[in-house]
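Please examine the sequence and the structure displayed below before attempting the exercises. Each exercise is followed by a worked solution.

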Amino acid sequence: MKRSPLAIVAAFACLLSAPAQARSLLDYVGQCVPFARQASGIQIYGDAWTWWDQADGKYRRGEKPVVGSVIAFAKQARLPLGHVAVVSRIVEDRVLMLTHANWSRQNGVRGHAEQDVTVFDVSKRNDWSEVKVWYRDADGLGGTTYRVHGFIYSPARPAAELTGRDPDYVGALIDAYVPGAGAAAARR
């Protein structure tokens, strides 16, 4: 099978974006952009808030979540560089699970990868333009609403470690629909 030079360069760049010490995608520690690029196969570079515009004409974009697509958070006060994450599961119309890096603190440190994190669509039109994201530090969704541009659809197959073997769908629904319950409290 013959590959174009551009495809070879893109594949090599993708390999360089992962830290050498990471044995798996979930061992990653760093920023959200290289993690999302590695997990989704979408080859966009630069700050997360620029991904939506950069994807125009290169990748399909839309309002509907698809497993393996990248959700592009807008630049805003709480996210001055934006944020990108990869859809790992669709739980129901207004609840997703994401796998991403550099969101919650783990052992007091930011940058770690998190798998199957609950995200709740709180937009008035049910269009994923505003969401709440599970935050480990608060053990729940928290009170911040984040603006979202939409989803960037990857033509590649998402990374195998994007989702866990047994994601907690019930916990995700409780996180979304029972304010203050938190997944940890629901599992006790």
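The exercises below concern a predicted model.

**Exercise 1.** Determine how many residues of strand S4 are buried, and describe its two faces.

*Solution.* Step one: strand S4 spans residues 95-101, and seven of its seven residues are buried. Step two: in a regular strand, side chains alternate between the two faces of the sheet. Step three: on one side of S4 lie Val-95, Met-97, Thr-99 and Ala-101, and on the other Leu-96, Leu-98 and His-100. Both of these faces are covered.

**Exercise 2.** Identify the strands that pair with S4, and state which residues stand opposite Met-97.

*Solution.* Step one: strand S3 (residues 83-92) runs antiparallel to S4 and is joined to it by five bridges. A hairpin of two residues links S3 to S4. Step two: S4 is also joined to strand S5 (residues 113-121), by six bridges, again in antiparallel fashion. Step three: Met-97 in S4 faces Arg-89, and Met-97 also stands opposite Thr-118 in S5.

**Exercise 3.** Locate Asp-116 and Trp-128, and decide whether each is buried or exposed.

*Solution.* Step one: Asp-116 belongs to strand S5, whereas Trp-128 is in the loop between S5 and strand S6 (130-133). Step two: a residue is buried if its relative accessible area is under 20%. Asp-116 has 15% relative accessibility and therefore counts as buried. Trp-128, with a relative accessible area of 4%, is buried. Step three: phi is near 55° for Asp-116, a positive value in a residue other than glycine. Trp-128 likewise has a positive phi, near 65°, and is not glycine.

Definitions and conventions: Residues are numbered from 1 along each chain as its sequence is written. This is a predicted model: local features need pLDDT of at least 70, side-chain atom pairs count only at pLDDT 80 or more; totals for chains, interfaces and linings use all residues. Side-chain values use heavy atoms; hydrogens and water are left out. Buried means under 20% relative accessible area, exposed over 50%, partly exposed in between (1.4 Å probe, protein chains only). Helices (H or I, at least four residues) and strands (E, at least two) are DSSP runs, numbered from the N terminus. Two strands pair if DSSP finds at least two bridges between them.
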